[in-house]
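The following account leads the reader through one protein model, beginning at a surface feature and moving on to the interior and its side-chain pairs.

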Amino acid sequence: MSFFDDLPEPPEQARQPQPLRPGWAGPPSDELPGVVPGGFLHNSPRMVVALKLVEVYSTGCLLDLVWSVLRKDESDQEWREIVEECYNHPRSSLDTRTGLEIGVGFEDGRKAVAAIHGPGTFEDTDDVIGPVLTTLGGGGGSNSGDYVQFAGRYWLWPLPLEGDTTLVARWEALGLPESSLELSGVELGDALGRVRNYWSG
């Protein structure tokens, strides 16, 4: 007999129901999204801001952005400052005008600006009607000495299907003027039809 054979079985634990996650909090954890290809918000010889793709879920969509700055004739110190600035994200819903500004405008006139904290930080979440645009974190970055590149992911809720949605970017510290890209409601709707739930077969 093994030393471990006669150890007592651990007691059964009661399964606790999981609280429902509000749609504005992030993408569902049990869905394979439909995908819409992206495009350029800004494309110049100096700087690129691009939407790589949109992951569409049943409740909203995940915007996968990348930004890159090409080194010209900056000194080492000037280049270090640019690289540092490229890390610079809004740090809270009360600090949206620091670093890269990202916003969306719905066709009905509603709009939202990206921030780290969702509505639950500052208001009663039962009354949230959206749109909500939340920063979900970066996807990493690189600095080769010739260029710097970083990525970020933004959750947009609810999914805008009624007409087109305008994605807007501005980065004053890096000289990026207000630039925009239209997201087609038709394409988002088509991608919604390709969403698959993990457990529905």
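L7 is found in the segment before β1 (31-32). With a relative accessible area of 48%, L7 is partly exposed, because it falls between the 20% limit for buried residues and the 50% limit for exposed ones. Together with F3 and F4, L7 makes a nonpolar surface patch of about 400 Å².

The model in view is a predicted one. Its mean pLDDT is 86, and 87% of the residues reach 70 or more. A stretch that calls for caution in reading is residues 90-94, over which pLDDT stays under 50. For this stretch the model has 16 contacts beyond four places in sequence.

The overall architecture comes next. The protein has two helices and 11 strands, and from the N terminus on these elements run β-β-β-β-α-β-β-β-β-β-β-α-β. Of the 201 residues in the protein, 40% are buried. Among contacts with a separation of 6 or more, 60% are accounted for by residues 24 or more positions apart. The protein exposes about 11900 Å², of which carbon and sulfur atoms supply 52%.

The surroundings of one residue in strand β3 serve as an entry to the interior. M47 has its place in strand β3, and at 3% relative accessibility M47 counts as buried. Which residues is M47 in contact with, leaving aside its neighbours within four places in sequence? They are H42, S68, V69, W171, L174 and L176. With regard to S68, the C-alpha atoms of M47 and S68 are 5.7 Å apart in space, while the two residues are 21 residues apart in sequence.

The aromatic side chains are considered next. A pair of aromatic rings is described by the distance of the centres and the angle of the planes. The count for this structure comes to three aromatic pairs. One of them is formed by Y57 and W155, with 5.9 Å from centre to centre and 65 degrees between the planes. The pair is classed as edge-to-face because the angle between the planes is over 60 degrees. Y57 and W155 link distant parts of the chain: Y57 is in the loop between β3 (47-56) and β4 (61-70), W155 is in strand β8 (residues 147-157), and 98 residues separate the two. Both partners are buried, Y57 at 7% relative accessibility and W155 with a relative accessible area of 0%.

Another of the aromatic pairs is that of W67 and W171, which is also edge-to-face, with 5.9 Å centre to centre and 75 degrees between the planes. W67 lies in strand β4 and W171 in strand β9 (residues 165-171), so this pair ties together parts of the chain that are 104 residues apart in sequence. W67 counts as buried at 1% relative accessibility, and W171 is buried with a relative accessible area of 0%. W171 also appears among the contacts of M47.

Charged side chains provide a further set of links. A search of the whole structure finds five salt bridges. In one of them, R71 is paired with D76, and the closest N and O atoms are 2.9 Å apart. R71 is partly exposed, with a relative accessible area of 23%.

Where in the chain do the partners R170 and E101 lie? R170 is in strand β9 and E101 in strand β5 (residues 101-105), 69 residues apart, and the pair thus links distant parts of the chain. Their side chains meet in a salt bridge with an N to O distance of 3.1 Å. The two partners fall into separate accessibility classes: R170 counts as partly exposed at 22% relative accessibility, whereas E101 counts as buried at 11%. R170 also forms a salt bridge with E172, the closest N and O atoms being 3.6 Å apart. E172 counts as exposed, at 57% relative accessibility. Through the shared partner, the salt bridges join E101, R170 and E172 into one network.

Strand β9 therefore recurs in this account, because W171 of the aromatic pair with W67 lies in it, and R170 of the salt bridge with E101 lies in strand β9 as well.

Notes:
Residues numbered from 1 in each chain as written. Predicted model: local features only at pLDDT ≥ 70, side-chain atom pairs only at ≥ 80, totals over all residues. Heavy atoms only, no water. Phe/Tyr/Trp six-rings, centres within 6.5 Å; stacked < 30°, edge-to-face > 60°. Helix = DSSP H or I, 4+ residues; strand = E, 2+ residues; numbered from the N terminus. Buried < 20%, exposed > 50% of the residue type's maximum accessible area, 1.4 Å probe, protein only. Salt bridge = Lys/Arg side-chain N within 4 Å of Asp/Glu carboxyl O. Patch = residues over 30% accessible without salt bridge, like charges linked within 9 Å, V, L, I, M, F, W, Y side chains within 5 Å. Areas by Shrake-Rupley, 256 points an atom, 1.4 Å probe, with all protein chains shown as cover. Contact = heavy atoms within 4.5 Å. pLDDT = per-residue confidence, 0-100.
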